[in-house]
Amino acid sequence: MPARPTPRRTVLKGVALAGAAGAGLAACSTESKLGHAEEPTPTAPVDLGAADAVPVGGVKLYREQRLVVSCPAEGQYKAFSAQCTHAGCVLDKVEGTEGNCPCHGSRFDCTTGKATKGPATVPLPEVPISAKDGRLVAGPGA
Ligand code: FES
């Protein structure tokens with residue numbers, strides 16, 4: 001007995017359902033499989049607190065906000081992402097003005113963002129920052 005061909009409507013319905021399931025899988029969180037945020041810089045302004053927490057000529061790590069801030073001169077600030085450009089770990093400490101990545105040992109000059117020791121070679125992305133009423137705000141529009 002010859003097999004009956006599958007009606008075209010049934011086939012199309014199956015494809016539509018598979019497509020909907022695929023769309024559901026494509027919707028993902030902002031965290032990668034490694035647990036690192038996929039966006040290395042803030043997507044909205046972040047309040048970092050008192051501006052004088054960053055010493056003149058020094059650097060402060062804001063690990064929770066994934067930022068490092070330097071103060072080259074009184075009232076002047078520069079901010080960079082604290083997410084390593086090698087594989088996305090967050091810097092764990094700053095020694096002098098040099099940030100350390102705990103995962104594979106990369107180091108960065110936190111006054112310029114430049115990688116000073118590999119395996120990372122790409123600089124830390126710069127983030128806009130401003131001081132308003134004695135408080136630091138970093139991120140878009142800062
Ligand atoms: S993730 Fe920083 S050195 Fe590899």
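**Exercise 1. The open sheet**

Task: In this predicted model, what is the strand order of the open sheet of four strands, and which strands are its edge strands?

Solution: Start with the order, which is 5-6-7-8, with antiparallel pairing. Next, look for strands that pair on one side only: these are strand 5 (93–95) and strand 8 (115–117), the edge strands. Finally, follow the twist, which averages 35° from one strand to the next. As background, strands of a sheet pair through backbone hydrogen bonds, either parallel or antiparallel.

**Exercise 2. Joining strand 7 to strand 8**

Task: How many bridges join strand 7 to strand 8, and which residue of strand 8 stands opposite Arg107?

Solution: Count the bridges between these antiparallel strands: there are two. Then go across from Arg107, and you arrive at Lys117 in strand 8.

**Exercise 3. Placing Ser106**

Task: Where is Ser106 found, and is Ser106 buried or exposed?

Solution: First locate Ser106 in the loop between strand 6 (98–100) and strand 7 (107–109). Now take its relative accessible area, 1%. Buried means under 20%, so Ser106 is buried. Then list its contacts, leaving aside neighbours within four places in sequence: among them are Cys84, His86, Cys101, Lys117 and Ala120. With Ala120 there is a further detail to find, as the Ser106 side chain reaches the backbone nitrogen of Ala120 at 2.8 Å.

**Exercise 4. Rings**

Task: How many aromatic pairs does a search of the whole structure find, and which residue lies over the face of Tyr62?

Solution: The search for aromatic pairs gives zero. Turning to Tyr62, you will see Lys60 over its face, at 5.1 Å from the ring centre.

Methods:
Residues numbered from 1 in each chain as written. Predicted model: local features only at pLDDT ≥ 70, side-chain atom pairs only at ≥ 80, totals over all residues. Heavy atoms only, no water. Phe/Tyr/Trp six-rings, centres within 6.5 Å; stacked < 30°, edge-to-face > 60°. Lys NZ or Arg CZ within 6 Å of the ring centre and 35° of its normal. Buried < 20%, exposed > 50% of the residue type's maximum accessible area, 1.4 Å probe, protein only. Polar contact = N/O pair within 3.5 Å; in protein donor to acceptor, adjacent residues only side chain to side chain. Contact = heavy atoms within 4.5 Å. Pairing = 2+ DSSP bridges. Axes fitted to C-alpha atoms, helices over the stretch in contact; angles between N-to-C directions.
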